[in-house]
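Here are my notes on this one, written for someone new to reading structures. Keep the picture open while you go through them.

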Number of protein chains: 2
Amino acid sequence: MIIVSAFKSVPPFARGLVRDLRVRWALEEAGLPYEQKLLADGEKDSADYREWQPFGQVPAYEEDGLRRATEWLIAALNSVEPAIQSLAAIDLFYAQEEWAKLRRPGAEEMVRNRLAAVQTALGNDHWLTDNRFSAGDLMMATVLRILRHTDLIEKAGLGDYLARCEERPAFQRALDAQMAAFAA
Amino acid sequence: MIIVSAFKSVPPFARGLVRDLRVRWALEEAGLPYEQKLLADGEKDSADYREWQPFGQVPAYEEDGLRRATEWLIAALNSVEPAIQSLAAIDLFYAQEEWAKLRRPGAEEMVRNRLAAVQTALGNDHWLTDNRFSAGDLMMATVLRILRHTDLIEKAGLGDYLARCEERPAFQRALDAQMAAFAA
């Protein structure tokens, strides 16, 4: 049986928009039956749920008793990068604008929350998935690097992880190739 | 031969961060040689490049003469949703805050630009990929629906497309299931 997590209750403006709809819809298109696991208030932040979905988001997905490994490539692009890119845009494009000054503390807090979730999920492992370097690490590293103008990665305890990614010879060759194009 | 697009020039703060690095790195990890197609100033907005990469972003990817079809599932999550979610957060969570009032026009403009790119890519087709409903349409529709409190989808000429997605029986069953959970 497929199990999809969803919230037991959300504010009216979010009803019909919550992102478990994406998986429910895909399963309906495929004609696959599923059960829902409804999360009570606050349950999204429990250690048990965070182990299943590191960011406390819905949906999380289970199939035949197997809790699907976090798709870190997607998580990097959709759960982590938007918060990081918002903060980077404030710092790099809009730093002198009044709204940016007012918004920056809240934007940084969102980033710190996301980074903490990544750090918790990584734990003492070297890589995000099965402790082997994967496309998820590649994408996460390029997302984390967007914060190189801050000390947030170090403060989140992700400095060693990012350094480990950046030490890969393939990364260095790729970086050199990008920089060489600018120098030409 | 694999060809990856990149920018000929970017401001110093972006050097070493531009997102073609992601594909360069992956190709280096795989040991696959590639050529770069460097875009001159403004070329990212040309009709020819937009046909390859609808949002004027890098990287775009070509392999053995085949320009890879846009990965609309990823595009929905990473090229469209962040702008839409930023605007929705302003309207639904922060409407009374000063920064949100100051930022809203710029945030809406970013959304309008993204929606225009989707509309141009869709053209007169019914669906985004090979004119058949796919996971890309499913994801794009759930992203566009986040703007239901505005008239931006209609104004962008995407109203018929979104209605077409929402008319699918599988969508209706999924929506009903989410709403039923809230009613319980």
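The points below go from the model's scores to one chain, then a sheet, then the interface.

1. Start with what you are looking at: this is a predicted model. Its scores are ipTM 0.94 and pTM 0.95. For chain A, the mean pLDDT is 96, with 100% of the residues reaching 70 or more. Keep a general habit in mind, too: where pLDDT is low, the predicted coordinates should not be read in detail.

2. Now get a feel for chain A. Eight helices and four strands make up its secondary structure. Walk along from the N terminus and you meet the elements in the order β-α-β-α-β-β-α-α-α-α-α-α. If you want a sense of scale, the C-alpha trace of chain A spans about 55 × 40 × 30 Å along its principal axes.

3. Switch to chain B and find the sheet. Four strands form an open sheet there, in the order 2-1-3-4, and the pairing is mixed. Strand 2 (34-39) and strand 4 (66-67) of chain B each have a single partner strand, so they stand at the edges with one side left without a neighbour in the sheet.

4. Zoom in on one pairing in that sheet. Strand 1 (residues 2-7) and strand 3 (residues 61-63) of chain B run antiparallel, joined by three bridges. A handy place to look is B:Val4, which stands opposite B:Tyr61 in strand 3 of chain B. As background, strands of a sheet pair through backbone hydrogen bonds, either parallel or antiparallel.

5. Next, the contact between the chains. How much area is buried between chain A and chain B? About 5300 Å², with carbon and sulfur atoms giving 63% of it. Three residues to click on are A:Arg22, A:Trp25 and A:Phe182: they supply 15% of the area that chain A buries against chain B, more than any other three residues. Each chain brings 60 residues to the contact.

6. There is plenty to check by eye across the interface. The rule finds eight salt bridges between chain A and chain B. To see a salt bridge for yourself, look at the side chains of A:Glu81 and B:Arg22, which meet at 2.9 Å, N to O. Polar contacts across this interface come to 31 residue pairs.

7. Last, which element gives the largest share of the side of chain A that touches chain B? Helix 8 of chain A does, with 10 residues. By class, that side of chain A has 37 nonpolar, eight polar and 15 charged residues.

Terms used:
Residues numbered from 1 in each chain as written. Chains lettered and ligands numbered in written order. Predicted model: local features only at pLDDT ≥ 70, side-chain atom pairs only at ≥ 80, totals over all residues. Heavy atoms only, no water. Contact = heavy atoms within 4.5 Å. Buried area = accessible area lost by both parts, 1.4 Å probe. Salt bridge = Lys/Arg side-chain N within 4 Å of Asp/Glu carboxyl O. Polar contact = N/O pair within 3.5 Å; in protein donor to acceptor, adjacent residues only side chain to side chain. Helix = DSSP H or I, 4+ residues; strand = E, 2+ residues; numbered from the N terminus. Nonpolar A, V, L, I, M, F, W, Y, C, P; charged D, E, K, R; others polar. pLDDT = per-residue confidence, 0-100. Pairing = 2+ DSSP bridges.
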